[in-house]
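Let's walk through this structure together, one element at a time. Keep the view open beside you as you read, and turn it whenever a new element comes up.

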Amino acid sequence: ADSVALDPWGSSTIADYRALFEEFGIEAFEELLPSVPTPHYLMRRAIIFGHRDYDRVIEAMREDEPFAALSGFMPTGDPHIGHKLVFDELIWHQQQGGDTYALIADLEAHSARGLSWDEIDEHAEDYLLSLLAFGFDPEAGTLYRQSEHREVQDLSFELGIEANFSELGAIYGFDGETDVSHMQSVVTQMADILYPQLESPKPTVIPVGPDQDPHIRLARDLATRMRYFGVTTAYASFEADPAELAHVEAAYEALADEQVRCGDAADWLETHGEADQPGLAGAIEKLQAAGQEPLRPRVRFLDRNATETAFEALIEAIDGEKRVYDEHVDAFDLDHEAAERLAREIEVENGGYGFIRPSSIYHRFMTGLTGGKMSSSIPASHISLLDDPEEGADKVRAGTTGGRETAAEQRELGGRPDECPIYELYAYLLAGDDDSYAERVYEECTAGDRLCGACKAEAAEEMETFLADHQERREQMRPVLEDLEIEVRP
Ligand code: SF4
């Protein structure tokens with residue numbers, strides 16, 4: 001397949017989802033499906049089609065261990081039925097026992113899309129009302145606005161130290177014209193993604209459309225960079241030989257003696273500069289001679305504080321460590337997971353973040369009712385959750401279909417539900433949890449037993465009911481939202 005551009009602020013339509021698997025390392029969801037305890041219908045119907053590291057989240061779910069789900073909403077317009085996918089995904093994870101976070105990406109809306117704060121306030125309220133109306137439990141979960149959240153801001157500042165302009169340029173196509181606030185909003189988004197792990201590391205899933213994948217990849221990279229990843233890889237042999245635990249302590253102490261222990265590395269380099277490089281190299285050698293793997297000082301300190309010579313010496317030491325590690329991998333049947341868990345515990349004990357790389361799941365985009373991509377800027381292409389129910393029904397009746405030229409042809413050849421935005425309405429939304437309803441529509445369509453006029457009329461009626469019910473629930477949620485006192489302005 002041709003190269004697929006993924007641009008979170010662009011309007012690229014993704015024609016071939018499979019290309020994503022190959023090009024960006026997104027894995028197929030169907031392989032995981034059997035291990036999901038009670039899969040959501042979006043999973044069962046392959047609308048959620050891909051993932052990164054979602055196995056971790058399923059495992060936590062199954063083992064009754066902590067996990068989290070988070071999604072941000074950029075309040076640039078009315079929430080529409082495409083957003084309902086993400087609302088559903090969040091709410092489902094909350095119902096499965098996850099700590100669930102929904103945030104209003106107001107900084108991004110303001111900087112990347114240029115919305116005024118008044119517009120943002122209005123749309124933010126609409127998103128939150130719909131989220132609550134669909135069943136998000138604000139007592140169990142967390143709702144916040146980016147601009148209001150001090151801890152997120154602080155974390156974003158820390159993460160910003162790890163990201164630089166060339167990197168953002170390569171990922172997002174930023175150039176000399178890109179304003180600083182837009183870049184800042186990216187780093188804030190990274191902080192959002194890692195925020196659920198701030199108190200303690202846990203598997204975290206971010207449900208997204210595939211166009212948001214650049215954010216996921218950057219967040220996963222940053223999560224790694226914030227780790228003392230020498231520690232992470234150092235004691236992989238723990239499981240092979242529990243006595244190795246003692247080595248962890250020993251290695252730690254030895255390095256602490258040399259003042260290169262984790263957070264101290266920067267100060268150490270600043271005070272000692274290149275003159276004391278032999279000290280560091282000596283410590284590492286000592287550890288290696290004792291059959292212990294040295295702990296690697298945090299690489300992030302290298303670019304900021306190291307002199308060139310120090311930098312080279314450290315890189316060499318790190319390469320050495322990597323070799324030692326690789327040898328161990330060959331020598332024992334290593335349990336990486338156990339090692340990583342242990343390393344993370346050590347890291348957190350020592351004041352580090354211990355972030356687990358965030359997981360993601362990817363859902364298909366809904367096709368617009370007019371064909372093409374569903375877009376907030378083309379009213380006829382989407383149904384807003386705020387549309388008057390009758391008007392919503394009219395849009396369904398006016399939508400394009402996967403039907404044949406004539407009724408006779410349709411009866412003979414059957415319709416094409418796979419290319420039909422109306423069928424998508426059934427599968428993504430109107431059939432709800434009832435698989436048999438979606439299947440019946442599909443089968444009747446392909447068999448030629450269903451004609452588009454009647455099919456659209458049925459969908460239109462369902463849509464009218466859906467919108468009326470939803471809007472009624474939104475109104476019931478108004479006092480709940482008011483009580484939440486989510487600040488509306490930075
Ligand atoms: Fe689409 Fe329904 Fe027509 Fe089939 S019968 S092509 S599902 S509108």
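A good place to start is a pair of strands: β1 and β2, the latter spanning residues 48–52, run antiparallel to each other and are joined by two bridges. To find the pairing in the view, look for E27, whose bridge partner in β2 is H51. Before going further, please bear in mind that this is a predicted model.

Helix α3 (residues 54–63) packs on the sheet, where it touches β2, β6 (204–208) and β7 (359–363). The direction of α3 makes about 105° with that of β7. Another helix that packs on the sheet is α6 (residues 117–134), this time touching β3, β4 and β5. Here the angle between the direction of α6 and that of β4 is about 155°.

Now for the sheet as a whole. In what order do the seven strands of the open sheet lie? Reading across, the order is β1-β2-β7-β6-β3-β4-β5, with mixed pairing. The edges are formed by β1 (27–28) and β5, each of which pairs on one side only.

Let's move inward to β6. It pairs with β7 in the parallel sense over four bridges, and V208 stands opposite Y362 in β7. Strand β6 also pairs with β3 in the parallel sense, over two bridges; there, A68 has T204 in β6 as its bridge partner. How enclosed is β6 by the rest of the structure? Five of its five residues are buried, so the strand is largely enclosed by the rest of the structure. In a regular strand, side chains alternate between the two faces of the sheet. In β6, T204, I206 and V208 point one way, V205 and P207 point the other way, and all are buried.

Next comes β3 (residues 68–73), which is parallel to β4 and joined to it by six bridges. One of the pairs to look for is F73 with its bridge partner I104 in β4. What links up with β3 and β4 to make a β-α-β unit? Helix α4 (residues 81–95) does, and the unit is right-handed.

On to β4 itself, residues 99–104: five of its six residues are buried, so this strand, too, is largely enclosed by the rest of the structure. Four bridges join β4 to β5 (residues 142–145), and the two strands run parallel. I104 turns up again here, with R145 as its bridge partner in β5. I104 thus has F73 and R145 as bridge partners, which makes it a handy landmark.

Let's leave the sheet for the ligand. A shell of 15 residues surrounds the ligand, and the closest are G415, C420, C445, C452 and C455. Which helices each supply at least two residues of this shell? They are α20 (421–430), α21 (435–447) and α22 (452–484). The largest share, three residues, comes from α22. By character, the shell divides into eight nonpolar, four polar and three charged residues.

Finally, step back to view the whole protein. It contains 22 helices and seven strands, and buried residues make up 45% of its 490 residues. Among contacts between residues at least 6 apart in sequence, 76% join residues at least 24 apart.

Note on methods
Residues numbered from 1 in each chain as written. Predicted model: local features only at pLDDT ≥ 70, side-chain atom pairs only at ≥ 80, totals over all residues. Buried ≥ 20, exposed ≤ 12 C-beta atoms within 10 Å, placed from the backbone. Contact = placed C-beta atoms within 7 Å. Near = placed C-beta within 6 Å. Nonpolar A, V, L, I, M, F, W, Y, C, P; charged D, E, K, R; others polar. Pairing = 2+ DSSP bridges. Right-handed = clockwise from strand over helix to strand, strands pointing away. Axes fitted to C-alpha atoms, helices over the stretch in contact; angles between N-to-C directions.
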